[in-house]
Amino acid sequence: MSSRVNVGSTVTEAAYALVDRAARGLLTTGTYAAVAGGIPRGEFNVLMLPQA
């Protein structure tokens, strides 16, 4: 059985906020320091796997 969770636009808005911080950081300091500490891609991929 699968289930669906609806979070509306919340996740999209959070992603836009992260992109905004990254862009502003690049423009002001030339680094991605503003978005340091993100989840590694491999860990994220594991989280997206179907759960038993």
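**Group meeting: a two-helix chain**

Let's start with proline 40, which is partly exposed at 46% relative accessibility. Proline 40 sits in the loop that runs between H1 and H2. One thing to keep in mind as we go: what you're looking at is a predicted model.

Okay, so the overall picture. The protein chain has 2 helices and 0 strands. Its radius of gyration is 15 Å, well over the 10 Å the globule rule gives for 52 residues, so the chain is more spread out than a compact globule. If you lay the C-alpha trace along its principal axes, you get about 50 × 25 × 10 Å. And how much of the chain is buried? Buried residues come to 4% of the 52. The accessible surface adds up to about 4900 Å², and 62% of that belongs to carbon and sulfur atoms.

Now on to H1. This helix covers residues 10–28. H1 has 19 residues and goes 27 Å from its first C-alpha to its last, which is close to the 27 Å expected at 1.5 Å a residue. Just past the end of H1, glycine 30 takes a positive phi, about 75 degrees.

H1 is also where we find the salt bridge, and the count for that is 1. Which side chains make it? Arginine 24 and aspartate 20 do, at 2.9 Å from N to O. In general, side chains of opposite charge can pair when their charged atoms come close. As for the spacing, arginine 24 and aspartate 20 are 4 residues apart in H1, so about one helical turn separates them. An α-helix has 3.6 residues a turn, so residues three or four places apart point the same way.

Are these two partners buried or exposed? Arginine 24 counts as exposed, because its relative accessibility is 53% and the cut-off for exposed is over 50%. Aspartate 20 is at 35%, so that one counts as partly exposed.

Let's go back to proline 40 for a second. How far is proline 40 from arginine 24, C-alpha to C-alpha? The answer is 22 Å, with their positions 16 residues apart along the chain.

Last stop is the H2 end. There's a nonpolar surface patch here of about 410 Å², made by Ile39, Phe44, Leu47 and Met48. Leucine 47 belongs to helix H2, which covers residues 41–47. Leucine 47 is exposed too, with a relative accessible area of 51%.

So, to recap: a salt bridge between arginine 24 and aspartate 20, and a nonpolar patch that includes Leu47.

Conventions
Residues numbered from 1 in each chain as written. Predicted model: local features only at pLDDT ≥ 70, side-chain atom pairs only at ≥ 80, totals over all residues. Heavy atoms only, no water. Salt bridge = Lys/Arg side-chain N within 4 Å of Asp/Glu carboxyl O. Buried < 20%, exposed > 50% of the residue type's maximum accessible area, 1.4 Å probe, protein only. Expected span 1.5 Å × (residues − 1). Rg over C-alpha atoms; globule rule 2.2 N^0.38 Å. Areas by Shrake-Rupley, 256 points an atom, 1.4 Å probe, with all protein chains shown as cover. Patch = residues over 30% accessible without salt bridge, like charges linked within 9 Å, V, L, I, M, F, W, Y side chains within 5 Å.
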